[in-house]
Amino acid sequence: MTKRKGIIDRIEGKWVVVEFDDGMRDILISHFPMMVESGDVIWMDAYGHIEKDDQERKRLSNEIDELMEKLWED
């Protein structure tokens, strides 16, 4: 089954704004079976099931930290 990767941009009231490869989507917060916050990485399948990927969030966070260090070195 194909899953789509998304990154949570922000939470606005009862909506979670998620950035997917093809754009932003607003998803009702009640569709998330877990607590989420900005920057979390999720995987959503064709049926709307959502899983949080803590390892991918950590990997992306480390990647951003490395890019910021390089930026300040120059």
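How many salt bridges does the count come to? By the rule used here (a side-chain nitrogen of Lys or Arg within 4 Å of a carboxyl oxygen of Asp or Glu), the count comes to 11. The model is a predicted one, in which local features need pLDDT of at least 70 and side-chain atom pairs count only at pLDDT 80 or more, while totals for chains, interfaces and linings use all residues. Residues are numbered from 1 along each chain as its sequence is written, and side-chain values use heavy atoms, with hydrogens and water left out.

The sheet comes up next. Five strands make an open sheet, in the order β3-β2-β1-β4-β5, with antiparallel pairing. Strands here are DSSP runs of E with at least two residues, helices are runs of H or I with at least four, and both are numbered from the N terminus; two strands count as paired if DSSP finds at least two bridges between them. At the edges sit β3 and β5, each of which pairs on one side only. On average, neighbouring strands of the sheet are turned by 40 degrees against each other, direction ignored (axes are lines fitted to C-alpha atoms, for helices over the stretch in contact, and angles run from 0 to 180 degrees between N-to-C directions).

Strand β4 (41–45) has partners in β1 and β5. With β1 (residues 3–12), β4 pairs in the antiparallel sense over five bridges, and Lys3 stands opposite Asp45. With β5 (residues 50–52), β4 shares three bridges, again antiparallel; here Trp43 has Glu51 as its bridge partner. β4 and β5 also form a hairpin with four residues in between, and Gly48 in that turn has a positive phi of about 90 degrees. Four of the five residues of β4 are buried, so the strand is largely enclosed by the rest of the structure. Buried means under 20% relative accessible area, exposed means over 50%, and partly exposed is in between (1.4 Å probe, protein chains only).

What about the nonpolar core? The largest one has 10 residues: Ile8, Val16, Val18, Phe20, Ile27, Phe32, Val36, Ile42, Met44 and Ile50. Such a core is a set of buried Ala, Val, Leu, Ile, Met, Phe, Trp, Tyr and Cys residues joined through side-chain atoms within 4.5 Å. Both β2 (15–20) and β4 supply at least two of its residues, and β2 gives the largest share, three. Leaving aside residues up to four places away in sequence, Ile42 touches several residues, including Ile8, Val18, Phe20, Phe32 and Ile50; contact means heavy atoms within 4.5 Å.

Back to the charged pairs. Side chains of opposite charge can pair when their charged atoms come close. Lys5 and Glu56 meet in a salt bridge at 2.8 Å, N to O, linking strand β1 with helix α1 (residues 54–73) across 51 residues. Lys5 counts as partly exposed at 30% relative accessibility, whereas Glu56, at 13%, counts as buried. Lys5 and Glu56 also belong to a salt-bridge network with Arg59 and Glu63.

Arg57 forms a salt bridge with Asp40, the closest N and O atoms being 2.7 Å apart. Arg57 lies in helix α1 and Asp40 in the loop between β3 (23–28) and β4, so the pair ties together parts 17 residues apart in sequence. Arg57 is partly exposed at 28% relative accessibility, while Asp40 is buried at 3%. Arg10 and Glu12 meet in a salt bridge too (2.6 Å, N to O); Arg10 is partly exposed at 34%, and so is Glu12 at 43%.
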